[in-house]
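Please look over the sequence and the three-dimensional model shown below. The explanation after it is meant to be read with both in view.

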Amino acid sequence: METNRSAASKQLLAHARLFAALNIAQADTYIRTWRVKYREHFWRPYTAINFLYPGTNWTPLRQTPCHPEFYAAHGTLTPAGITTIQNYLGHDTIDE
């Protein structure tokens, strides 16, 4: 019975380490993405249109966020999570 508890404890610890690594990887990625957003100063579409065609006062149909558009944070978080899981498993395939 002690063996089962010990194994379960080791598995719980391994899962906790995986989730800690995922959180750290995604937090680091999120921080870096937002730093790049503000370093690059990439134009939003309505800013570019109004700059290139002065006097048009074009506005989008819906309100846009008040942060730069490029890089998209959701596009950087997924690869960070996938890489973390691959490093945890030691390979990039999942057995069914």
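The paragraphs that follow lead through several places in this structure. The model is predicted.

Let us begin with a helix. Helix α1 covers residues 2-40, and Thr29 has its place in this helix. Is Thr29 buried or exposed? Its relative accessible area is 19%, and a residue counts as buried when this value is under 20%; Thr29 is therefore buried. Which residues does Thr29 touch, once those up to four places away in sequence are set aside? They are Thr76, Leu77 and Ala80. Helix α3 spans residues 74-89.

The same search for neighbours can be made among aromatic rings. In this model the count of aromatic pairs comes to 2. One pair joins Trp34 and Tyr38, with ring centres 6.2 Å apart and ring planes at 25°. Ring centres within 6.5 Å make a pair, and planes under 30 degrees apart count as stacked, so Trp34 and Tyr38 form a stacked pair. Both residues belong to helix α1, where they are 4 residues apart, or about one turn of the helix. Together with Tyr30, Trp34 and Tyr38 form one aromatic cluster.

How accessible are the two residues of the stacked pair? Trp34 has a relative accessible area of 27% and is partly exposed. Tyr38 also counts as partly exposed, with a relative accessibility of 41%. These values lie between the limits of 20% for buried and 50% for exposed, which is why the term "partly exposed" is used. A charged residue is found here as well: Lys37 lies over the face of Trp34, at 4.9 Å from the ring centre.

We now turn to charged side chains that meet one another. How many salt bridges does a search of the whole structure find? The search finds 1 salt bridge. In it, the side chains of Glu40 and Arg39 meet, with 3.1 Å from N to O. The accessibility of each partner can be stated too: Glu40 is partly exposed at 42%, whereas Arg39 is exposed, with a relative accessible area of 55%.

The next stop is the loop between α1 and α2, where Phe42 lies. Phe42 counts as partly exposed, at 48% relative accessibility. Which residue distant in sequence can be compared with Phe42 in space? Pro68 is 26 residues apart from Phe42 in sequence, while their C-alpha atoms are 6.2 Å apart. Leaving out residues up to four places away in sequence, Phe42 touches Pro68 and Phe70.

Helix α2 comes next, made of residues 45-52, and Tyr46 is found in this helix. Tyr46 has a relative accessible area of 30% and is partly exposed. Tyr46 also takes part in a nonpolar surface patch of about 740 Å², which is made by Trp43, Tyr46, Ile49, Phe51, Leu52, Tyr53 and Trp58.

Trp58, another member of this patch, is found in the loop between α2 and α3. At 37% relative accessibility, Trp58 counts as partly exposed. Where does Trp58 stand in relation to Tyr46? The two are 12 residues apart along the chain, and their C-alpha atoms are separated by 6.8 Å. When neighbours within four places in sequence are left aside, Trp58 is in contact with Tyr46, Ile49 and Asn50.

Asn57 lies in the loop between α2 and α3. With a relative accessible area of 65%, Asn57 is exposed, because a value over 50% is counted in this way. Its backbone also deserves a look: Asn57 has a positive phi of about 50°, although it is not a glycine. From Asn57 to Thr47, 10 residues away along the chain, the separation of the C-alpha atoms is 9.7 Å.

The last residue to consider is Pro54, found in the loop between α2 and α3. Pro54 is exposed, with a relative accessible area of 66%. How far apart in space are Pro54 and Thr84? Their C-alpha atoms are 47 Å apart, and the two residues are 30 residues apart in sequence.

Notes
Residues are numbered from 1 along each chain as its sequence is written. This is a predicted model: local features need pLDDT of at least 70, side-chain atom pairs count only at pLDDT 80 or more; totals for chains, interfaces and linings use all residues. Side-chain values use heavy atoms; hydrogens and water are left out. Helices (H or I, at least four residues) and strands (E, at least two) are DSSP runs, numbered from the N terminus. Buried means under 20% relative accessible area, exposed over 50%, partly exposed in between (1.4 Å probe, protein chains only). Contact means heavy atoms within 4.5 Å. Rings of Phe, Tyr and Trp (its six-membered ring) pair if their centres lie within 6.5 Å; planes under 30 degrees apart count as stacked, over 60 as edge-to-face and the rest as tilted. A charge sits over a ring if NZ of Lys or CZ of Arg is within 6 Å of the ring centre and within 35 degrees of the ring normal. Patches are made of residues with over 30% relative accessible area and no salt bridge: like charges are joined within 9 Å, nonpolar side chains (Val, Leu, Ile, Met, Phe, Trp, Tyr) within 5 Å. Accessible areas come from the Shrake-Rupley method with a 1.4 Å probe; for residues, only the protein chains shown count as cover. A salt bridge is a side-chain nitrogen of Lys or Arg within 4 Å of a carboxyl oxygen of Asp or Glu.
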